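The following exercises are to be worked through with the sequence and the structure at hand. Each task is followed by a solution in steps.

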Amino acid sequence: MSKTIEARTYEEALGWLREHGFDITEAPGTNGRVFLRKYTVSAAIQKTPEDGVKIFAYPGYLIGSEISKLVNRGYQQFLKTSKTEIPASAEHLKALHSFTEELKEALALPSLYNESLGTVSESYHYDRIEDRDKAPVNRPKRPWEVAGKNLAAKAVKKGRA
């Protein structure tokens, strides 16, 4: 049975965040947008026209002064910024998970079962499905496709001799 969650106003959400140890910094040059920081993780929220609140920049571990994006490559999760990419450790993932759960509570957002089990990546890049979204003629040839053509050509040449 689902519960109805009453949405919080922007000011109520900010109050909750302050009470629970979040560092809040006004975004420069904007009105109604703030950066949040806790556990070396950061996100940004903004005020909606209806006095509600929405996430502007999703939570990411801070690398330098930049909010990283969590990328899942199937065999390992990585923290990626515009300048670097590092493997995500258990400490990074735990901090991200804790921050995200607290942010959801502050904004009165639902906590979904699959997200509560662990950290969810923003992006999934498995090497076996790379370029699958392209049309078949535009996809790069796989090594076995190239090798297969070469073997067929060699077999035709041997058959003529």
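Contact means heavy atoms within 4.5 Å. Helices (H or I, at least four residues) and strands (E, at least two) are DSSP runs, numbered from the N terminus. The model is predicted, so that local features need pLDDT of at least 70 and side-chain atom pairs count only at pLDDT 80 or more, while totals for chains, interfaces and linings use all residues. Residues are numbered from 1 along each chain as its sequence is written, and side-chain values use heavy atoms, with hydrogens and water left out.

**Exercise 1. The chain as a whole**

Task: State how many helices and strands the protein chain has, and give their order.

Solution.
Step 1. The protein chain holds 4 helices and 9 strands.
Step 2. Along the sequence they follow the pattern α-β-β-β-β-β-β-β-β-α-α-β-α.
Step 3. Of the 161 residues in the protein chain, 29% are buried. Buried means under 20% relative accessible area, exposed over 50%, and partly exposed in between (1.4 Å probe, protein chains only).
Step 4. Among contacts between residues at least 6 apart in sequence, 41% join residues at least 24 apart.

**Exercise 2. The length of helix 2**

Task: Determine what span helix 2 should have, and compare it with the distance between its end C-alpha atoms.

Solution.
Step 1. The expected span of a helix is 1.5 Å times one less than its number of residues.
Step 2. Helix 2 covers residues 90-107, which is 18 residues, and should therefore span 26 Å.
Step 3. The end C-alpha atoms of helix 2 are 26 Å apart, in agreement with the expected span.
Step 4. The buried residues of helix 2 are His92, Ala95, Leu96, Phe99, Glu102, Leu103, Lys104, Ala106 and Leu107. When reading such a list, recall that an α-helix has 3.6 residues a turn, so residues three or four places apart point the same way.

**Exercise 3. Helix 1 against helix 2**

Task: Describe how helix 1 and helix 2 cross, and name the residues that meet.

Solution.
Step 1. Two packed helices are described by the angle between their axes and the distance between the axes. Axes are lines fitted to C-alpha atoms, for helices over the stretch in contact, and angles run from 0 to 180 degrees between N-to-C directions.
Step 2. The axes of helix 1 (residues 10-19) and helix 2 come within 8 Å and cross at roughly 140°.
Step 3. Angles under 35 degrees count as roughly parallel, over 145 as roughly antiparallel, 65 to 115 as roughly perpendicular and the rest as oblique. Helix 1 and helix 2 are therefore oblique to each other.
Step 4. In helix 1, Ala13, Trp16 and Leu17 meet Glu102, Leu103, Glu105, Ala106 and Leu107 of helix 2.
Step 5. The residues of this contact divide into 6 nonpolar, no polar and 2 charged. Here Ala, Val, Leu, Ile, Met, Phe, Trp, Tyr, Cys and Pro count as nonpolar, Asp, Glu, Lys and Arg as charged, and the others, Gly among them, as polar.

**Exercise 4. Two positive phi angles**

Task: Locate Thr40 and Ala108, and decide whether each is buried, partly exposed or exposed.

Solution.
Step 1. Most residues other than glycine have a negative phi, and most peptide bonds are trans.
Step 2. Thr40 is not a glycine, yet it has a positive phi of about 65°. Thr40 lies in the loop between strand 2 (33-38) and strand 3 (41-47), and because its relative accessibility is 33%, Thr40 counts as partly exposed.
Step 3. Ala108, also not a glycine, has a positive phi of about 60°. Ala108 lies in the loop between helix 2 and helix 3 (113-117), and its relative accessibility of 15% makes Ala108 buried.

**Exercise 5. Tyr61 and Tyr39**

Task: Place Tyr61 and Tyr39 in the chain, and list what each touches.

Solution.
Step 1. Tyr61 lies in strand 4 (residues 53-63) and is buried, with a relative accessible area of 10%.
Step 2. Leaving out residues up to four places away in sequence, Tyr61 touches several residues, among them Tyr39, Thr40, His92, Ala95 and Leu96.
Step 3. Tyr39 is in the loop between strand 2 and strand 3 and is partly exposed, at 37% relative accessible area.
Step 4. Beyond its neighbours within four places in sequence, Tyr39 is in contact with Tyr61, Ala95, Ser98, Phe99 and Glu102.
Step 5. Tyr39 and Ser98 are 59 residues apart in sequence, and their C-alpha atoms are 8.2 Å apart in space.
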